[in-house]
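Work through the following exercises with the sequence and the structure at hand. Each task is followed by a solution in steps.

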Amino acid sequence: MRLSLIASAVLATMTLTGVAWAQTEVITARREGLRAMGAHMEAMKAIADARGNPAPTIERIDAMTAFYSTFPTRFPAGSDVPQGTNPGQTRALRVIWTENAGFVQANSNLLTQLAALRVAATSGDPAAFAPAFQQTGAACGACHRTYRAR
Ligand code: HEC
């Protein structure tokens, strides 16, 4: 009896550690992905600022569209800062889970902007690309304002 109690306590601890570990992996992967998105935006900003030919950005836009098309699934329940398990590892705010529809909508808005940006890039016209790029950045910021800690 006592042994089985100990055994189940050990098992429960192992399970909790496993869950915390899985969340750490999820958080690390999404943050890595987001940093790559930041790098895409930096590279495109240089082209937009210089009024360069935007056609070479199409690959970046496609990579971003692929990433954001599944972005909300990178926030499974518990991958915020779960009561001190991994404090400081994520800036995801709890409102992502309590107001998830708004979060998904903010993500859809970005996808809409990325589609418009792709059209502008395909046109090869710097005058079309620069404002579309700016609006894409605004769609990033709109989500961060509500759903990401500063
Ligand atoms: C739907 C909401 C949403 C959209 C849209 C969004 N982000 Fe974020 N972003 C987040 C959240 C939430 C975090 C915090 C993630 C974490 O710390 O776990 C974040 C974090 C980041 C980070 C920090 C990564 C790190 O090192 O921790 C970068 C860089 C970033 N986003 C870039 C972008 C760019 C660029 C765009 C637009 C192309 C964008 N994001 C669009 C929600 C969003």
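The order of elements from the N terminus is α-α-α-α-α. The model is a predicted one.

**Exercise 1.** State how many helices and strands the chain has, and what share of its residues is buried.

Solution. Counting the elements gives five helices and zero strands. The chain has 150 residues, and 29% of them are buried.

**Exercise 2.** Find the protein donor of the iron atom of the ligand and place the donor residue in an element.

Solution. Start from the metal: NE2 of His144 lies at 2.1 Å from the iron atom. This falls within the 2.8 Å cut-off for donors. His144 is the only protein donor of that iron. Then locate the residue in the chain: His144 belongs to helix α5, residues 126-147.

**Exercise 3.** Identify the arginines that form the patch of positive charge on the surface, then classify Arg31 as buried, partly exposed or exposed.

Solution. The patch gathers Arg31, Arg35, Arg91, Arg145, Arg148 and Arg150. Of its members, Arg31 sits in helix α1, which covers residues 2-49. The relative accessible area of Arg31 is 37%. Partly exposed spans the range between 20% and 50%, so Arg31 is partly exposed.

**Exercise 4.** Locate Pro54, decide whether Pro54 is buried or exposed, and compare its separation from Ala128 in sequence and in space.

Solution. Pro54 lies in the loop between α1 and α2, the latter being residues 58-69. Its relative accessibility is 0%. Buried means under 20%, so Pro54 counts as buried. Along the sequence, Pro54 and Ala128 are 74 residues apart, while their C-alpha atoms are 9.3 Å apart in space.

Conventions. Residues are numbered from 1 along each chain as its sequence is written. This is a predicted model: local features need pLDDT of at least 70, side-chain atom pairs count only at pLDDT 80 or more; totals for chains, interfaces and linings use all residues. Side-chain values use heavy atoms; hydrogens and water are left out. Donors are N, O and S atoms within 2.8 Å of the metal (3.2 Å for Na, K and Ca); water is not among the atoms, so sites may look incomplete. Helices (H or I, at least four residues) and strands (E, at least two) are DSSP runs, numbered from the N terminus. Patches are made of residues with over 30% relative accessible area and no salt bridge: like charges are joined within 9 Å, nonpolar side chains (Val, Leu, Ile, Met, Phe, Trp, Tyr) within 5 Å. Accessible areas come from the Shrake-Rupley method with a 1.4 Å probe; for residues, only the protein chains shown count as cover. A salt bridge is a side-chain nitrogen of Lys or Arg within 4 Å of a carboxyl oxygen of Asp or Glu. Lys and Arg count as positive and Asp and Glu as negative; His and the chain ends are not counted. The place of a charge is taken as NZ of Lys, CZ of Arg, CG of Asp or CD of Glu. Buried means under 20% relative accessible area, exposed over 50%, partly exposed in between (1.4 Å probe, protein chains only).
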